[in-house]
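Good morning, everyone, and thank you for making room for me today. Please have a look at the chain on the screen before I begin.

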Amino acid sequence: MVSKTCIKTFTGALMPKGSDTLVPIENVEVLEDRIKIVKSVPKGFAVRDVGENYKKDEVLIKKGTIIGFSEVGVLASLNIPQIKVYSKPIIAVASTGSEILDLGVEKTNDSQIRSSNHLTLEALFTQCGAEVIQNGPVDDDIENITNFFETSLKKADIVVTTGG
């Protein structure tokens, strides 16, 4: 049965009860107070069931998810303007010790060793999602160590050192 009734609607709008098909405006001609369909579409075209995007009690964004463009779209579609998030921690890293040499620095005596701890920690923290301020080796000098801590505590959430 064809009721021969149509209304103008907009993309994404709720369709009136009993509607079963949407015919795009490009597929019709307006002739005074009548509409002529010049290109037909199948029954049910462009019709979506209310709530078909999500199931009841479905978890849409899991705790710990990094919020990207698709998560923003889901939140917007649910009219959620703001959520609690955690920013990446900023971690300052250094190895302490006058015997510690950074990569590329030439040895001046046989008691010196290469520092790998600060680089290993940087890689680990970065892999876990932190931003790292790499300070490399810091000499066993009260002024250097004090300067490292004072500077790092102003910029970082966490300060990690290895050494004696």
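I will go through the overall form of the chain, then its salt bridges, and then a few single residues.

Please keep in mind that this is a predicted model, in which local features need pLDDT of at least 70 and side-chain atom pairs count only at pLDDT 80 or more, while totals for chains, interfaces and linings use all residues. Residues are numbered from 1 along each chain as its sequence is written, and side-chain values use heavy atoms, with hydrogens and water left out.

Let me start with the whole chain, which has 3 helices and 7 strands, where helices (H or I, at least four residues) and strands (E, at least two) are DSSP runs numbered from the N terminus. Read from the N terminus, the elements follow the order β-β-α-β-β-β-α-β-α-β. The radius of gyration, taken over C-alpha atoms, is 32 Å, well over the 15 Å that the globule rule (2.2 Å times the number of residues to the power 0.38) gives for 164 residues, so the chain is more spread out than a compact globule. Along the principal axes, its C-alpha atoms fill a box of roughly 95 × 30 × 25 Å.

How many salt bridges are there? If we ask for a side-chain nitrogen of Lys or Arg within 4 Å of a carboxyl oxygen of Asp or Glu, the count is 2. One of them joins the side chains of D20 and K43, at 3.9 Å from N to O; this pair links distant parts of the chain, since D20 sits in the segment before β1 (28-31) and K43 in the loop between β2 and α1, 23 residues apart. D20 is partly exposed, at 37% relative accessible area, whereas K43 is exposed, at 71%; here buried means under 20%, exposed over 50%, and partly exposed in between, with a 1.4 Å probe and protein chains only. E52 and R48 also form a salt bridge, with their closest N and O atoms 3.8 Å apart.

Now to single residues: is H118 buried or exposed? H118, which lies in helix α2 (residues 117-127), is buried, because its relative accessible area is 1%. Beyond its neighbours within four places in sequence, H118 is in contact (heavy atoms within 4.5 Å) with residues including V93, D102 and P137. By comparison, I67, in the loop between β2 (34-37) and α1 (69-77), counts as partly exposed at 35% relative accessibility.
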